[in-house]
Amino acid sequence: MTIQAPKGVPEYVPPQGDEFRYVRDQLATPAILAGYKYIELPYFEDVALYTKGIGESTDVVSKEMYTFTDRGDRQLALRPEGTAGVIRSVIENNLTQNGLPIKIWYAGAFFRAERPQKGRYRQLQQVGIEAIGAESPALDAEVIALGYEAFRRIGLTKFEIQLTSLGDSTTRPHYREVLTSFLSKLDLDSETQERVKLNPLRVLDDKRPEIQKQLVDAPLMINYLSDESKQYHESVKHYLLEAGIPFVDAPRLVRGLDYYTRTTFEFVHSGLGAQSGIGGGGRYDQLMGSLGGKDVSGIGFGLGVDRAYLACEAEGIDIRQALPKSMVLLSIGETHDPYAFKLAQELRANGFIVDYQAHAKNLKSGLKNADRLHAAIAILVGDDEVAANSVSIRMMDSGEQIMVLATNLILELSNRLTLGSNMWKEA
RNA sequence: GUGGGUGUAGCUCAGCUGGUAGAGCGCCGCGUUGUGGUCGCGGAUGCCGCGGGUUCAAGUCCCGUCACUCACCCCA
């Protein structure tokens, strides 16, 4: 038995690797354009951060964390989500000192010890943002808009924004009582009854038809909002409507993490099967305070890069054509290798993406190689070229080929590639 | 944790009521000794997941086991 990757861990090998990287980068771009600053955080944290921050009653904390004890007997956990770590860092580094709100973004891997299935992995990648220390419907709308833009940017169209408000600390307890008393009258299995006690809201999300049937008349949070929360929610919706960002009211929307209050949303894709959520987030009024920081509210989201990538596939989006085109430099026969090697260095120094394939057996096999590598341009260095201090530039799709002086190569390429020239270079 | 499906060539998969292994794609070579893709011809590749059982005979039937996968719970 050869060694395999751990169960439930996705891999993106070439050529998918570059496509995945593209998706991840594009998902982050709207936030960068909006002035959000990057934060690099640890991949493991004190277990207490998550039990206190996310809530012990959540599945994520109670049964899906990868926890371990280090040599100093510290209880640690691979991070299952991003927000708690961001808040911890904001508090620890006093980032709230220099004016609010602070807007940051992050990207990276998260870990959940779940049973894997399509689109649900034990190691998942997210791009996330957080805007901390300000409450205004405009900010909520901005965060939602940035998520919307992110998915649009990679070409997704078959998704919708589901939006609701989970109420504030003054109205939530009352609603919870109402809901609990409703649920306690239903015919539920013991496991679900247990969930009613722990977190009744989550029962609304149950997909089993026999449960859903009983929930048609369930009381909804949206009808129990305080005037203040209601007004705030209406205002958020108004901003979105004005900006032309489509959303649907989702009064039964529930999220898996306990810290969400008021504005709560999810990006749901229709082409993914069971794991349809490609992103989600919301506002958290108490999280900063409960972790020992300033008592201010924040809002953020996490976008699933793995699922976004799957969604592209489901929509038939051709990511490869969006990637930079590549050039292959071929030397025919060994004698020209040093000459070609030097040319490759020069091209790269000028920003071109150049794959140098040394000493092709003959031109035919060299071109075949270039074709297999999906090169858009082949630069040929053979006897004829070297004799004339030249190289040949061959456009692989048209077959058009010209010989130019080596000293003019950079200039020639730059001239020929003016249209969309960034397509040939690494950002 | 619960339920279903699948393990056969590098990949996707076919292989009927048991008779000793196949296709497409890819790969290598030749047609073409400086021109790739298309086309034609030729070629290589398998402990049929693993262990046991039934049988003259097992990829095929039975038992076990491992892995993968989809779905439920839950989540990005």
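A polar contact is a pair of N or O atoms within 3.5 Å. The model shown in these views is predicted.

**View 1. Polar contacts to RNA strand B.** Lysine 118 places a backbone N or O atom 3.0 Å from a phosphate oxygen of RNA strand B. Tyrosine 121 also uses a backbone N or O atom, which lies 3.1 Å from a base nitrogen of the strand. Aspartate 371 uses its side chain: an N or O atom there is 3.1 Å from a base nitrogen of RNA strand B.

**View 2. The protein surface near RNA strand B.** The strand is surrounded by 46 residues, and the closest are Arg112, Arg120, Gly256, Asp384 and Met396. Of the RNA atoms that come within 4 Å of the protein, 53% belong to sugar and phosphate. The residues of this surface divide into 27 charged, 12 polar and seven nonpolar. Elements supplying at least two residues each include β6 (123-132), α7 (190-198) and β10 (277-284). α14 (363-372) and α15 (383-387) do too. α14 gives the most, with six residues.

**View 3. The largest nonpolar core.** This core has 47 residues. Tyr50, Ile132, Leu183 and Leu215 have the most contacts inside it. Among the elements giving two or more residues are α2 (47-53), α4 (83-92), β5 (102-111), β6 and α6 (172-184). A second, separate core has 45 residues, including Val23, Ala28, Leu156 and Ile319.

**View 4. Around isoleucine 132.** Neighbours within four places in sequence are left aside here. Isoleucine 132 is in contact with residues including Val86, Ile87, Val90, Leu100, Pro101, Ile102 and Ile104. Tyr284, Met288, Val296, Ser297 and Gly298 are also in contact with isoleucine 132.

Note on methods
Residues are numbered from 1 along each chain as its sequence is written. Chains are lettered from A and ligands numbered from 1 in the order in which they are written. This is a predicted model: local features need pLDDT of at least 70, side-chain atom pairs count only at pLDDT 80 or more; totals for chains, interfaces and linings use all residues. Side-chain values use heavy atoms; hydrogens and water are left out. A residue is near a molecule or strand if one of its heavy atoms lies within 4 Å of it. A polar contact is a pair of N or O atoms within 3.5 Å; within protein, one must be able to donate a hydrogen and the other to accept it, and residues adjacent in sequence count only if both atoms are side-chain atoms. Helices (H or I, at least four residues) and strands (E, at least two) are DSSP runs, numbered from the N terminus. Ala, Val, Leu, Ile, Met, Phe, Trp, Tyr, Cys and Pro count as nonpolar, Asp, Glu, Lys and Arg as charged, and the others, Gly among them, as polar. A nonpolar core is a set of buried Ala, Val, Leu, Ile, Met, Phe, Trp, Tyr and Cys residues joined through side-chain atoms within 4.5 Å. Buried means under 20% relative accessible area, exposed over 50%, partly exposed in between (1.4 Å probe, protein chains only). Contact means heavy atoms within 4.5 Å.
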